[in-house]
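User: I am new to this protein and would like to understand how each term is applied to it. Please take me through it step by step.

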Amino acid sequence: MNKQILITIVITATLTFFGTLLFLHYNHEITGHAEHHDEHVDEHGKKHSPDLSYSPEILKEFDIQIGTVSGGVLEEIIDLPGEIQIDPDRLAHVTPRFDGIVKEVFKQIGDRVKKDELLAIIESNESLTPYELRSSIEGIVIDMHFTKGETTQGPDHFFAVADLSKVWVNLSVYQKYLPRFSIGQTVNILLSSDIPPVSGKISYISPTLDENTRTATARVILKNKGSKFRPGQFITGQVVVNRTNCEIIIPKTALEMINDQQVIFVRDEHGFEPVQVKIGKDNNHSVEILSGLMSGEKYVKKGGFILKAQLEKGSFGGGHSH
């Protein structure tokens, strides 16, 4: 009886031992498979950034703009300070021929006049005969020193009439830039950030430098429709000194920094992922991409900082992630 019990105990222990080994082996395989799956998901998520996949509504809500990678022309631009000035050939100082008494004044500052239009009537001190003072050009009265009843005294009394249909833009060119400037180059004239630039071409570069500023003058002549440009106004002139055909060119707003690397968020079937890029030439607005992007790819051209923040957080505003 004791022998049978001993045999039963041995068999039970043997079955328990091998059963435990089998269970442990099976459990290890299941756990290993799950860990492998999790690693794959992590790697897959890291590569394709599934947490950065958003609906069109979310993109619109956060003003995330998508573009298509393509080539273009990169303009190398130099910014120069400048000033709007009157063309001296379009400015007339109308002065009285003889000293006398101002009998009538017909025009004031800001009035438009035609050529030969009457400005004032003056009575000569010598002949006591009135004579007419007329404009020698068509334009606008920008200055005057005439008052009814006063005595005129040569050049101290005058009407300044300017034809502002065209104006000069005089740009100050620093010495280091002079070798890169030439007549005929395109210049974008910026009045302010909220007004579109006006394009013109350099028509003159001074052969000497200003003694005080040590700069040369580059001149652009612009049509002044609607009196948009006002003499004395300071502007910025963006001079295009070189053009480069680039296989891939994108706006600078697309660039983001992640782990001290320049990246662009590229869109594929999995969502958005940051892709490291190598940049080439650039200007104030655009940059050439030497590697990292392919023509035709979709990318975030504006609003990438939102994706960067969500990538670091791992979520999109508490449940907006898709």
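User: How much area does the protein expose, and what share of it do carbon and sulfur atoms supply?

Analyst: The protein exposes about 19900 Å², and carbon and sulfur atoms supply 53% of it; such accessible areas come from the Shrake-Rupley method with a 1.4 Å probe. This is a predicted model, in which local features need pLDDT of at least 70 and side-chain atom pairs count only at pLDDT 80 or more, while totals for chains, interfaces and linings use all residues. Residues are numbered from 1 along each chain as its sequence is written, and side-chain values use heavy atoms, with hydrogens and water left out.

User: What makes a residue buried, and which residues of helix α3 are buried?

Analyst: Buried means under 20% relative accessible area and exposed means over 50%, with partly exposed in between (1.4 Å probe, protein chains only). In α3, a helix being a DSSP run of H or I with at least four residues, the buried residues are Gly304, Ile306, Leu307 and Gln310.

User: Why are these residues said to be on the same side of α3?

Analyst: They cover an arc of only 150 degrees around the axis, and therefore lie on the same side of α3; the arc is that of the directions from the helix axis to the C-beta atoms. The face turned away from the buried side of α3 carries the exposed residues Phe305, Glu312 and Lys313.

User: What covers the buried residues of α3?

Analyst: The cover includes β17, β18, β19 and β22, where a strand is a DSSP run of E with at least two residues and contact means heavy atoms within 4.5 Å.
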